[in-house]
Amino acid sequence: MIRPQPLMRFPVARFAIPASGEATAPAERRGVQRDRVRLLVARPGHLEHRRFDDIAELLDPGDLVVINTSATLPAAVDGRLDEGRAVPVHLSTVLDDGSWIVEVRHPGGHGPEPAARRGMVLALPGALSLSLDEAHPDASRAASRLWRATPDAPVDAYEYLLRHGRPIAYGHLSAGYPLADHQTVYARQPGSAEMVSAGRPFTKGLLVKLLAAGVTVAPLLLHTGVSSPETDEPPQPERFDVSDATARLVMSARSAGSRIVAVGTSVVRAIESAATGSGEVRAARGWTDLVLGPQRRARVVNGLVTGLHEPQASHLLLLDAVAGDALVDAAYGAAVKGGYLWHEFGDSMLFLP
């Protein structure tokens, strides 16, 4: 069952992104190999500046690296309000009953469209109409960032987006880039509204290098929604699947005293959603509404590969839940001073608390 989450009260911003700190294009289009972006390694009392393809020598034989094999959908389409004005529409997820969860964006690219209201009908490409049925997740709200919506005809969302969609892109990007640029090399099951970007710097060769170093790699699945929450808005429920094989690998590594290194916040959320109160991980699938932070620390994950998140993103609380706020603050302070790049095509961090 998907339950609405209460508002989250974030602390004041702990850093500011430098003016030159935004990655405006994929690494390869900036002349940098995918696996050669910068990597800030954060251990208690020690910060180190490396390159991403050094990661195999930073982990130990027996460590388990867990990846998210969700593939990115071209989840943005051009919509038109009933008064005729064009607006971007982002498909966040499809619920079990076939309803779409969408975000109607302001055409200027700065947040949700304020004119979106319950009962509004959007015209989409392919002669499809989309009715905004109710605010999501709080149906009592008259205005909202996210909406539960119903297409006026039966349609497979995946096939529809392949024909009419494009990758979601925000204002920090210098141009629109093809869907292939928004995929990890191990993406398999389409379903994420936006790229699970922490894993983007991995290449097939680097994965082989990890395996040759005695590091195990295990997959799971979590389909991410749109990543543009309002201030104090918690993460939305997301569909996930942790297989029995991956659960057994996690428990085997844990019993051996090896690290469980999650590639991205989505992997942390999935593993911790499959964990019992004692930290036993079992096969699990469905929807997770787990919110990690000061009230719910990570029980299983003790290593994390991540991109750089914005100053008040809820992802920072998840990082705190894994690595502790002191180490996270130290790492972000070093990233600001060191000229690291933010966002989905930017640089990386490796937390080894």
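## Close-up views of a predicted model

**View 1. Helix 6 and the glycine that follows.** Right after helix 6 comes Gly324, with a positive phi near 90°. This is a predicted model, and helix 6 is a good place to begin looking around. The helix spans residues 315-323, and 8 of its 9 residues are buried, so the rest of the structure largely encloses it. The buried ones are Leu316, Leu317, Leu318, Leu319, Asp320, Ala321, Val322 and Ala323. They pack against helix 5 (265-273), strand 16 (303-307), helix 7 (325-338) and strand 17 (348-351).

**View 2. Inside the largest nonpolar core.** This core has 44 residues, and Ile271, Tyr332 and Phe351 touch the most other members. Leaving aside residues up to four places away in sequence, Ile271 touches Val66, Leu220, Ile260, Val281, Val300 and Val301. A second, separate core holds 32 residues, among them Ala76, Ile101, Val102 and Leu128.

**View 3. A cluster of rings.** Of aromatic pairs, the structure holds 7. The ring centres of Phe15 and Trp342 are 5.8 Å apart with the planes at 35°, so this pair is tilted. Phe15 sits in the segment before strand 1 (38-43) and Trp342 in the loop between helix 7 and strand 17, so the pair links distant parts of the chain, 327 residues apart. Both Phe15 and Trp342 are buried. Tyr332 and Trp342 make another tilted pair, at 6.2 Å centre to centre and 50° between the planes. Ring pairs thus join Phe15, Tyr332 and Trp342 into a cluster.

**View 4. An arginine over a ring.** Here Arg38 lies over the face of Tyr340, 3.9 Å from the ring centre.

Terms used. Residues numbered from 1 in each chain as written. Predicted model: local features only at pLDDT ≥ 70, side-chain atom pairs only at ≥ 80, totals over all residues. Heavy atoms only, no water. Buried < 20%, exposed > 50% of the residue type's maximum accessible area, 1.4 Å probe, protein only. Helix = DSSP H or I, 4+ residues; strand = E, 2+ residues; numbered from the N terminus. Contact = heavy atoms within 4.5 Å. Core = buried A, V, L, I, M, F, W, Y, C linked by side-chain atoms within 4.5 Å. Phe/Tyr/Trp six-rings, centres within 6.5 Å; stacked < 30°, edge-to-face > 60°. Lys NZ or Arg CZ within 6 Å of the ring centre and 35° of its normal.
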